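Visitor: Hi! Could you walk me through this one while I have it open?
Guide: Happy to; let's bring it up.

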Protein chains: 2
Amino acid sequence: MQTNEQMLSAIENYLAQTEFPAEPELLYAPIGYSLAGGGKRLRPMLLTLSCGIFSDDVKQALPAAAAVEVFHNFTLLHDDIMDNAAVRRGKPSVHAKWGQNVAILSGDAMMIYAYRLLSSVPANLLPQVLSTFNTMALEVCEGQQYDMDFEQKPKVSVVEYMHMIELKTSVLLAGSVVIGAMLGGASDEDCRRLRRFAVELGLAFQLQDDLLDSYGDQRLGKAIGGDILEGKKTYLMITAMSHADEATREMLRTAYRDPALSDAEKIGKVKSIYDRLDVPRLTEQQIQLRFERALSILDTLSVAPSRTQRMRDYAMSLMDRKN
Amino acid sequence: MQTNEQMLSAIENYLAQTEFPAEPELLYAPIGYSLAGGGKRLRPMLLTLSCGIFSDDVKQALPAAAAVEVFHNFTLLHDDIMDNAAVRRGKPSVHAKWGQNVAILSGDAMMIYAYRLLSSVPANLLPQVLSTFNTMALEVCEGQQYDMDFEQKPKVSVVEYMHMIELKTSVLLAGSVVIGAMLGGASDEDCRRLRRFAVELGLAFQLQDDLLDSYGDQRLGKAIGGDILEGKKTYLMITAMSHADEATREMLRTAYRDPALSDAEKIGKVKSIYDRLDVPRLTEQQIQLRFERALSILDTLSVAPSRTQRMRDYAMSLMDRKN
């Protein structure tokens, strides 16, 4: 696995090789459908790259890499029910295609399947890998619950928001790199450092996602302004709310459901407030801060600098930063 | 833990001792609510008794015993959403009390929590215990899917029905006794025998449940005839359908939704057909066959007969059979 492309294709092959039973069809077909959905396989890539920092045998990381990807897809499957999302990666979501009961149950089976993949890590590492995975999985559920709580909450602070996205997004990246490092033979101290690296990287990644949703990026197929039209409490909205006067706050709170405005006008109105309050620059600053912090942690690992180069490059490409 | 009462109370204490985080409340409160719901703790009792066949240290079995009980309660939580059941053990079900999204997510967290409990088994046994647990958990999902499939299926055979209840009910009892036996230091051969014991016991138990729903038992708080009024495909209904002529089959198929009949009349009509076709006796025969088979397997274990006495007594009390 010399290149990232080869690594990605090894992960795809590993995910595709599992033969699910033909029956009961409504339990297993949605799992194959969900895993064939693609995506950039961020979590298994991070797990495998992390293993590669400490060991030249990265093939050993494939079952655990598949486990974190299957777990991630399980969370998407259940989140789509809770968020009532009909589309996932351009295709009907599982609950839209098969109904809610099938989505609940095949999601459950998918989580168990993730544990089955995980159970094939070397026996001597299993207790610590399993414990890391369990903590990570529970924290991801906490993040999803906070995310749903925030929809009902009138005011969410920046600190609360950062805590939520750390649980909902960063924790799964962190669990992935820590498990990869464990499999590669890393010390506890290096595992802790890599955990911090992935937490910061995940925060940078999520904030960039928030920024791109309103300010766009050609790479993304989705329409600009979706978060604004949904009235979502993103980093941009929360930052704007914390800097605005009361009249502006009221505008931000109500713009998305103002029947007098077209969608384009709603987006324009909210973005002009964002711009006036310097929100894009403040967000970009925060992204840059988190991302630099992540990269600097890589320098502290107890390995030769050359061994972290691939992880560094991958993190750069993820954030679309050139070296 | 001399008596079953002491064993049960050790299990209850172990389940109650976990302190869940206070936040996010909507994630963790339903788990505590669900686990405090009582029940006879059949699966952890079987696990602990099975461990006790091979070892005098049954305390070591408590974390795994708690894990199978938590897993069982997770399945009830999600099944209640899928079956739209508003009541569980005389209290509002989690989704009736907190809504569907909370029930999905706290159910997910509960399954992860079961794995966390399981992860504290001795490291040398963890790979085989985890693998047994994963297979069991996946089969339980298969059973639930078949159960839902059967609702839509015009004709279900006795063989298909027995396969479904083996997956939905027996497999979790089987996983419990096998894990208990592993922890007690049983041989692979004894684990296999205990698996068969629990599969047969589970079938006997489920068929008795079907019989009691229509023919009653003072111990059960629930009204007689619920399955008949729901038009459920139970062992009784499937056996009756396979023995009846076409006119009677049509009556069985439609009685539960005949607007001209009161509930009591529907139940009376179906039961008079059951009686005419000798269904109660055929069911009782099948229960007796499975139960005797289960007990006879206990005799084949490579231990002194006295060591299986408690398991035998427990199985008897479960089926309300006197020695």
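Visitor: Which residues of α11(B) are buried?
Guide: In this predicted model, they are B:Y235, B:L236, B:M237, B:I238, B:T239, B:A240 and B:M241.

Visitor: And how many residues does α11(B) have altogether?
Guide: It has 9, and 7 of them are buried, so α11(B) is largely enclosed by the rest of the structure.

Visitor: What do those buried residues of α11(B) pack against?
Guide: Five helices of chain B turn up as partners: α8 (158-184), α9 (188-215), α12 (246-254), α13 (263-276) and α14 (279-298).

Visitor: Let's step back in sequence. Where is B:T234?
Guide: B:T234 sits in the loop of chain B that links α10 (226-230) to α11 (235-243).

Visitor: Buried or exposed, that B:T234?
Guide: Buried. Its relative accessibility is 5%, and the cut-off for buried is under 20%.

Visitor: What is B:T234 in contact with, leaving aside its neighbours within four places in sequence?
Guide: Its contacts are then B:Y161, B:D210, B:D227 and B:Y274.

Visitor: Changing topic: how does chain A lie on chain B?
Guide: A turn of 180 degrees, with a shift of 0.0 Å along the axis, lays chain A on chain B at an RMSD of 0.0 Å. The two copies are therefore related as by a two-fold rotation axis.

Visitor: What surface do the copies use for contact?
Guide: The same surface serves both: of the contact residues of chain A, 100% recur in chain B.

Visitor: Nice. How many helices and strands does chain A have?
Guide: Chain A has 15 helices and 2 strands.

Visitor: What about the radius of gyration of chain A?
Guide: It is 20 Å, and this agrees with a compact globule of 323 residues, for which a value near 20 Å would be expected. The C-alpha atoms of chain A fill a box of roughly 60 × 50 × 30 Å along the principal axes.

Visitor: And how many of the 323 residues of chain A count as buried?
Guide: 55% of them do. As for contacts in chain A with a separation of 6 or more, 73% are between residues 24 or more positions apart.

Visitor: How about the surface that chain A exposes?
Guide: That comes to about 13500 Å², with carbon and sulfur atoms supplying 51% of it.

Visitor: I usually check charges too. How many positive and negative side chains are in chain A?
Guide: There are 35 positive and 42 negative ones, and the centres of the two sets lie 2 Å apart.

Visitor: On to backbone geometry. Where is there a cis peptide bond in chain A?
Guide: It joins A:E23 and A:P24, with omega about -10 degrees. A:P24 belongs to the loop between α1 (4-17) and α2 (25-35) of chain A.

Visitor: And in chain B, which residues does a cis peptide bond join?
Guide: There, B:E23 and B:P24 are joined by one, with omega about -10 degrees. B:P24 is in the loop between α1 (4-17) and α2 (25-35) of chain B.

Visitor: Which value does phi of A:D278 have?
Guide: It is near 70 degrees, which is positive in a residue other than glycine. A:D278 is placed in the loop between α13 (263-276) and α14 (279-298) of chain A. With 31% relative accessibility, A:D278 counts as partly exposed.

Visitor: What about phi of B:D278?
Guide: Phi of B:D278 is near 65 degrees, again positive in a residue other than glycine. B:D278 lies between α13 and α14 of chain B, in the loop, and its relative accessibility of 31% makes B:D278 partly exposed.

Notes:
Residues numbered from 1 in each chain as written. Chains lettered and ligands numbered in written order. Predicted model: local features only at pLDDT ≥ 70, side-chain atom pairs only at ≥ 80, totals over all residues. Heavy atoms only, no water. Least-squares fit on C-alpha atoms with pLDDT ≥ 70 in both. Contact = heavy atoms within 4.5 Å. Helix = DSSP H or I, 4+ residues; strand = E, 2+ residues; numbered from the N terminus. Rg over C-alpha atoms; globule rule 2.2 N^0.38 Å. Buried < 20%, exposed > 50% of the residue type's maximum accessible area, 1.4 Å probe, protein only. Areas by Shrake-Rupley, 256 points an atom, 1.4 Å probe, with all protein chains shown as cover. Lys, Arg positive; Asp, Glu negative; His and termini not counted. Charge placed at Lys NZ, Arg CZ, Asp CG, Glu CD.
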